[in-house]
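Notebook open, new model on the screen. I want to start from the inside and work my way out.

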Amino acid sequence: MFADLEVPVIIAPMAGGPSTPALVAGAVEVGAFAFLAAGYLSPETLREQIEATRALTPKPFGVNVFVPGAESAADLGLYRDLVSREANRLGVEPGEPTWDDDHYPAKIDLLVELAVPCVSFTFGLPIADDIARLRAVGATVVATVTTPAEARAAVGVDALCVQGSAAGAHRGSFTADAPAYDLLPLLRLIAAEMDLPLIATGGLMRGADIAAVLASGAVAAQLGTAFLRCPEAGTQPAHREALAAGERETVVTRAFSGRSARGMANRFIAEYGPHVPAAYPEIHHVTRPIRAAAAKARDPEAMALWAGQGYPLAREAPVAEVIGTLVRELTDAATRLAQRHAK
């Protein structure tokens, strides 16, 4: 599926708002591929987004699903009490530290019913029965992996999305203590062992980056942060402003969700990050009202400003224009390499 793409570019699923039907449709219409993000959506809203995307384009696209993990046994009330002062400042109450499965079974049922042509999974692996059900309706099944061991464990899937440590937002790792790998070494290690199509992701921002991962064994490059400034993306205004300014360093934190994720440094991370337990999605639910209120107030100091390490290179342009520029850069990079080889 991915090896046959006209443009070897995939727009990553970006849960929490940035992924939209318009962004996905805009990408697939110019020969790339793109994922809707099912994370945090109700099955009803996910259905609406799939139907809205199909109304915009007849071309295939994918949907990404979060695999639920185990419920935390930590005392999460302490962290809730700690962030209450931030909630009070914004005029809201922190959420309750509840566990849920993000409607996982219902989402699988929906994707089977609607015969979505590609389904990717993050935070773990689908069970064999789910893979079989999706394949029975023609879906390509993709697992996100962050280590060679995770890649070896991904039995039965059709392709691997290999995520390096420079990626923005959540690490797709199966466990909280998975070691962090730079993308190119990880890609080469997995390519040496696995006979599956590999999608490379994590910190890719320019066409030369795409050329590098294609040369290292990937069939396509998946980019997320590079599209956050597109008008079709559902990126919050304060997040857009921080991306455009390009002044903040990125850090990996559990402060907002209880799971490791890369975003721009801000006061919330500095104050609360050192105290947060590893508990996802419980901490996500605790901070969700805070993040929503901060976004409404355009206060970047209490928002999750997810971004990959190369985020200052993100372009403010329509998705089709960004993809066109990436293709030209990819071609230029390949030409330079060929000319150097010919000397």
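I clicked on Phe227 and listed its contacts, skipping neighbours within four places in sequence. From the N-terminal numbering I got Val9, Ile11 and Leu23. The rest of the list is Ala233, Val319, Val322, Ile323 and Leu326. Note to self: this is a predicted model, so I am reading computed contacts.

Next I looked up the core around it. The largest nonpolar core has 96 residues, and Leu160 and Phe227 touch the most other members. I also found a second core, separate from that one, with 11 residues. Leu5, Phe33, Cys118 and Cys161 are among its members.

Then burial for the whole chain. Of the 343 residues, 54% are buried.

How many helices and strands does the chain have? I counted 12 helices and 11 strands. The radius of gyration came out at 19 Å, and the globule rule gives 20 Å for 343 residues, so I wrote the chain down as being as compact as a globular protein of that length. The C-alpha trace spans about 65 × 45 × 40 Å along its principal axes.

I checked contact range too. Taking contacts between residues at least 6 apart in sequence, 67% join residues at least 24 apart.

Last, the outside. The chain exposes about 14200 Å², and I noted that carbon and sulfur atoms supply 53% of that. For charge, I tallied 29 positive and 38 negative side chains. The centres of those two sets lie 6 Å apart.

Note on methods. Residues numbered from 1 in each chain as written. Predicted model: local features only at pLDDT ≥ 70, side-chain atom pairs only at ≥ 80, totals over all residues. Heavy atoms only, no water. Helix = DSSP H or I, 4+ residues; strand = E, 2+ residues; numbered from the N terminus. Rg over C-alpha atoms; globule rule 2.2 N^0.38 Å. Buried < 20%, exposed > 50% of the residue type's maximum accessible area, 1.4 Å probe, protein only. Contact = heavy atoms within 4.5 Å. Areas by Shrake-Rupley, 256 points an atom, 1.4 Å probe, with all protein chains shown as cover. Lys, Arg positive; Asp, Glu negative; His and termini not counted. Charge placed at Lys NZ, Arg CZ, Asp CG, Glu CD. Core = buried A, V, L, I, M, F, W, Y, C linked by side-chain atoms within 4.5 Å.
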